[in-house]
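Please examine the sequence and the three-dimensional structure shown below. The paragraphs that follow lead through the loops, the interior and the ligand site in turn.

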Amino acid sequence: MKIFKDKVILITGANRGIGRALVKALLDHDVKKVYATCRDLNTLPSFDDNRVIALSLDITDDGQIKTIAAVAGDTEILINNAGILNTGNILDGDLLGMDNDMKVNYFGTIKMMRAFASILKKNRPAKIINIVSIAAYSPLPSIAGYAASKAALYSATQSVRIELAKDGIDVHAVNPGAIDTDMNKGSDWDMPDPDSVAIKILKSVDEGNLDIIPDEMGQGMYNAWREDPSKLSKIFSDLYYAENIG
Ligand SMILES: NC(=O)c1ccc[n+]([C@@H]2O[C@H](COP(=O)([O-])OP(=O)(O)OC[C@H]3O[C@@H](n4cnc5c(N)ncnc54)[C@H](OP(=O)(O)O)[C@@H]3O)[C@@H](O)[C@H]2O)c1
């Protein structure tokens, strides 16, 4: 994958799940350096590779973001992967959980893009890769606050894509369906593993795709939405409430 060769990449939430898988996949593709950031460095795998620079970062912490931007001024590709998911529906879900979803998934990612925009302009050709979610299109009622935060992030991603296009910076949106990580612990869905998904994401970025859906479930949901958003609502309605109808 030529896009990543000799590049300096910063990734958030690198300690587990899709973030960890992306670091591993990047190291297999001749990158120069990976700033692997996470909240608690004790949870970061060793990766056993001296191209990995471990940095502590909570994306809701303005001070930490400023420090990271000062340290990682040679970043050429920013991967905003960190995210949280709170369950609950719109009408009676916990508002604090919804607020936290917005604070991390939306505002945290926006803050990272703001902090790194001038760095990426200086280091272009550069990229931002935002790990969003298919929930941006298809709000499952049981994770409605998460879905709203990801819809907001998808919108912000498209806005920044336009803002930065004039500076020669590509902004990619990755919208996966369910992937087998801690985020889906306890789910009995048949899900792809994060390692295979990470490779598909990088391959798709390398091919120049700006909107990426790396898995079958995500693609199916996106196709239903594209045909008619109400079709997706009907699928979820049948799934959740069929037994209560009639
Ligand atoms: N798994 C899926 O089905 C799926 C589908 C679509 C999109 N996504 C998105 O993919 C991304 C990665 O999720 P995942 O599936 O790998 O979930 P995961 O295993 O739960 O990992 C979430 C990562 O985000 C980090 N994080 C959470 N809050 C943070 C904060 N305030 N600052 C910095 N890091 C923070 C976590 O760090 P800690 O270990 O410190 O908590 C962890 O590294 C998320 O944005 C998620 O929304 C996942």
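In which loop is Asp30 found? The model, which is a predicted one, places Asp30 in the loop between H1 and S2. The backbone of Asp30 has a phi near 60°, a positive value in a residue other than glycine. Asp30 is partly exposed, its relative accessible area being 47%. A second residue of this kind is Phe47, whose phi is near 65°, again a positive value in a residue that is not glycine. Phe47 belongs to the loop between S2 and S3. With a relative accessibility of 15%, Phe47 counts as buried, because the limit for that class is under 20%.

The backbone has a further feature at Pro125, which is joined to Arg124 by a cis peptide bond with omega of about 5°. Pro125 is found in the loop that runs between helix H3 (95-122) and S5.

From Asp30 one may step back to the helix that precedes its loop. Helix H1 spans residues 17-27. Nine of the 11 residues of H1 are buried, so the helix is largely enclosed by the rest of the structure. Those buried residues are Gly17, Ile18, Gly19, Ala21, Leu22, Val23, Ala25, Leu26 and Leu27. The elements that cover them include S1, S2, strand S3 (52-56), S4, S5 and H5.

The interior can now be described. The largest nonpolar core has 30 residues, and those that touch the most other members are Phe4, Leu22, Val23, Leu26, Ile79, Ile129 and Ile201. At least two residues of this core come from each of strand S1 (8-11), H1, strand S2 (33-38), strand S4 (77-80), strand S5 (126-131) and helix H5 (194-206). H1 makes the greatest contribution to this core, with seven residues. The surroundings of one member show how these elements meet: leaving out residues up to four places away in sequence, Ile79 touches Ile9, Leu10, Ile11, Thr12, Leu22, Leu26, Ile129 and Ile131. A second core, separate from that one, holds 28 residues, among them Ile59, Ala69, Ile110 and Ala152.

Two hydroxyl-bearing residues in loops deserve attention next. Thr75 is located in the loop between helix H2 (62-71) and S4. Thr75 is buried, with a relative accessible area of 0%. A polar atom of the Thr75 side chain lies 2.7 Å from the backbone oxygen of Ala72. Apart from residues up to four places away in sequence, Thr75 touches Val8, Leu10, Tyr35, Phe116, Ile119, Leu120 and Asn123. Ser133, for its part, lies in the loop between S5 and H4, and at 7% relative accessibility Ser133 counts as buried. The side chain of Ser133 has a polar atom 2.9 Å from the backbone nitrogen of Ala135. With residues up to four places away in sequence set aside, Ser133 touches Tyr146, Lys150, Val174, Asn175 and Pro176.

Tyr146 leads on to the ligand. Of the 28 residues around the ligand, those that come nearest are Asn15, Arg16, Tyr146, Thr181 and Asn184. A polar atom of the Tyr146 side chain is 2.6 Å from an oxygen atom of the ligand. Backbone atoms also take part: a polar one of Ile18 lies 2.7 Å from a ligand oxygen, and a polar one of Gly13 lies 3.3 Å from a ligand oxygen. The ligand taken alone exposes 890 Å², of which the protein buries 94%. Helix H1 and helix H4 (144-165) each provide at least two residues of the surrounding shell. By residue type, the shell comprises 13 nonpolar, 10 polar and five charged residues.

One of the nearest residues, Thr181, connects the ligand site back to H1. Thr181 is found in the loop between strand S6 (169-174) and H5, and at 15% relative accessibility Thr181 counts as buried. The C-alpha atoms of Thr181 and Gly17 are separated by 5.1 Å, although these residues are 164 residues apart along the chain. Neighbours within four places in sequence aside, Thr181 is in contact with Gly17, Ile18 and Pro194. Of these, Gly17 and Ile18 are among the buried residues of H1, and Ile18 is also the residue with a polar backbone atom 2.7 Å from an oxygen of the ligand.

Key
Residues numbered from 1 in each chain as written. Predicted model: local features only at pLDDT ≥ 70, side-chain atom pairs only at ≥ 80, totals over all residues. Heavy atoms only, no water. Near = heavy atom within 4 Å. Polar contact = N/O pair within 3.5 Å; in protein donor to acceptor, adjacent residues only side chain to side chain. Areas by Shrake-Rupley, 256 points an atom, 1.4 Å probe, with all protein chains shown as cover. Helix = DSSP H or I, 4+ residues; strand = E, 2+ residues; numbered from the N terminus. Nonpolar A, V, L, I, M, F, W, Y, C, P; charged D, E, K, R; others polar. Core = buried A, V, L, I, M, F, W, Y, C linked by side-chain atoms within 4.5 Å. Buried < 20%, exposed > 50% of the residue type's maximum accessible area, 1.4 Å probe, protein only. Contact = heavy atoms within 4.5 Å.
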